[in-house]
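User: I'm new to this structure and would like a close look at one part of it. Please start with the disulfides, then carry on to whatever else helps me get my bearings.

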Amino acid sequence: MKLGKFLFAAAAVTALTTGASAGTLDDVKAKGFVQCGVTTGLAGFGAPNDQGEWAGFDVDFCRAMAAAIFGDAAQVKYTPTTSKERFTALQSGEIDVLARNTTWTFSRDVNLGFEFIGVNYYDGQGFMVRKSLGVTSAKELDGASVCIQTGTTTELNLADYFRTNGMSYESVVIETSAEGRGVYEEERCDVYTTDASGLAAQRSTMADPSEHIILPEIISKEPLGPLVRHGDNQWGDIARWTLGAMIVAEELGVTSANAEEMASTSKNPEILRLLGGEGDMGAQLGLPADWAKNIIMQVGNYGESFERNLGTTTPLALERGLNALWTDGGILYAPPMR
């Protein structure tokens with residue numbers, strides 16, 4: 001009798017697990033697109049371009065997921081979210097995945113019930129000031145008014161940093177990055193603080209970027225990455241390995257220009273597995289064999305996306321830094337695809 005109860009319970013757990021792991025992918029396929037939560041607008045990371053189409057580094061992740069699932073990177077719809085709205089939108093099922101500058105923390109991962117699928121940008125909080133303020137270090141900001149976005153990790157980081165250094169400040173609370181830029185440019189605050197990449201993005205859209213400097217201090221760890229809801233392992237795996245495929249492709253020298261050729265001519269087993277020429281990685285994810293090849297051909301590898309949206313030839317002019325591959329002085333790498 002006890003064995004029978006055990007077997008019944010085990011079968012029930014298996015059924016529940018199987019059902020949960022198929023949920024989001026089936027829903028996405030049924031509606032024909034990935035609903036992706038993005039920022040309300042941050043240059044280089046996610047914003048409508050001159051044609052009104054969403055583009056940017058985080059947007060590329062959304063496009064990559066669509067390429068993996070549908071073979072078409074255009075099968076995405078975008079939901080702009082503020083820092084306050086983003087988690088509710090994901091929890092409620094309004095969006096399938098959140099791909100906007102969001103820091104991976106313990107409480108968000110565990111208490112809020114989310115699953116961060118990896119880090120797509122290693123960042124840290126910084127400070128931007130007008131050159132006319134005559135400040136060269138964050139240690140000189142005692143008594144300053146600081147523009148800070150509510151609902152973010154930057155609030156606590158700012159409080160900790162000023163308290164540790166025996167300084168005081170006045171908060172000027174903002175809802176969105178665009179509002180923050182406006183308040184800062186109107187000189188209603190002395191300092192703008194957020195992730196250093198966000199500061200570079202905001203500065204790039206100002207009337208005269210050269211009049212603003214980002215101070216040298218980085219006061220926090222901000223591992224930014226996409227996230228999904230807990231409880232759907234298959235969907236989490238698809239998101240995780242979408243990012244992984246882009247990173248591994250750069251490691252292996254597979255680009256949007258050569259992926260098609262390498263899929264048929266490469267002698268490297270890892271490249272063949274990545275591009276669907278060998279193995280059954282696609283089937284294990286519930287995707288076509290060429291899922292990763294479609295990502296790379298339509299969106300590019302990690303390095304291509306970084307350089308196109310954030311790199312030194314863009315208005316943001318960001319160096320790879322920590323986000324360089326582990327083989328090139330950075331800390332970026334994906335687990336082996338085998």
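What follows is a walk from the disulfides to a strand, a helix and the empty spaces.

Analyst: Before we start, keep in mind that this is a predicted model, where local features need pLDDT of at least 70 and side-chain atom pairs count only at pLDDT 80 or more, while totals for chains, interfaces and linings use all residues. Residues are numbered from 1 along each chain as its sequence is written, and side-chain values use heavy atoms, with hydrogens and water left out.

So, how many disulfides turn up in a search of the whole structure? The search finds two, a disulfide being a pair of cysteine sulfur atoms within 2.5 Å. If you count the bonded cysteines along the chain, the pattern reads 1-2, 3-4.

Let's take the pair of Cys36 and Cys62. Their sulfur atoms sit 2.1 Å apart, and the link is left-handed, with -60 degrees about the S-S bond. What you get is a connection between distant parts of the chain: Cys36 belongs to strand S1 (residues 34-39), Cys62 belongs to helix H2 (residues 57-70), and the two are 26 residues apart. Helices (H or I, at least four residues) and strands (E, at least two) are DSSP runs, numbered from the N terminus. Are these two cysteines buried or exposed? Cys36 counts as buried because its relative accessibility is 0%, and Cys62 is buried too, again at 0%. For the cut-offs, buried means under 20% relative accessible area, exposed means over 50%, and partly exposed is in between (1.4 Å probe, protein chains only).

The other disulfide joins Cys147 to Cys189, with an S to S distance of 2.1 Å. The torsion about its S-S bond is about -105 degrees, so this one is left-handed. Look for Cys147 in strand S9 (residues 144-149) and for Cys189 in the loop between helix H6 (177-185) and strand S11 (191-195); the pair therefore ties together parts that are 42 residues apart in sequence. Cys147 has 0% relative accessibility, so it is buried. Cys189 is buried for the matching reason, because its value is 0% as well.

Now go back to S1, the strand that holds Cys36. Six of its six residues are buried, so S1 is largely enclosed by the rest of the structure. What does S1 pair with? One partner is strand S4 (residues 76-81), which runs parallel to S1 and is joined to it by six bridges; two strands pair if DSSP finds at least two bridges between them. In that pairing, Gln35 stands opposite Lys77 of S4. Another partner is strand S5 (residues 97-98), again in the parallel sense, over two bridges. Here Gly37 has Leu98 of S5 as its bridge partner.

Helix H2, where Cys62 sits, also contains Phe70. Phe70 counts as partly exposed because its relative accessible area is 23%. Phe70 and Arg240 are 170 residues apart in sequence, and their C-alpha atoms are 17 Å apart in space.

Over in helix H7 (residues 196-204) you'll find Gln202. Gln202 is buried because its relative accessibility is 2%. Its side chain makes a polar contact of 2.6 Å with the side chain of Arg181 (N or O atoms within 3.5 Å; within protein, one able to donate a hydrogen and the other to accept it, and residues adjacent in sequence count only if both atoms are side-chain atoms).

H7 also helps line the largest cavity, since H7, helix H5 (153-164) and S11 each supply at least two lining residues. On a 1 Å grid over the protein atoms alone, a 1.4 Å probe fits in a cavity but cannot get out, whereas a pocket is an open set with protein on both sides within 12 Å along at least five of seven lines; lining residues have an atom within 4 Å of a point. There are three cavities of 30 Å³ or more, and the largest holds about 240 Å³. It is lined by 22 residues, with Asn101, Gln149, Thr152, Thr194 and Asp195 nearest its centre.

Finally, the largest pocket has a volume of about 200 Å³; volumes are the space filled by probe spheres set on grid points, which are joined across faces, edges and corners. Of its 15 lining residues, Gly118, Val119, Tyr333, Ala334 and Pro335 lie nearest the centre. Helix H8 (residues 233-252) gives the most to this lining, with five residues.
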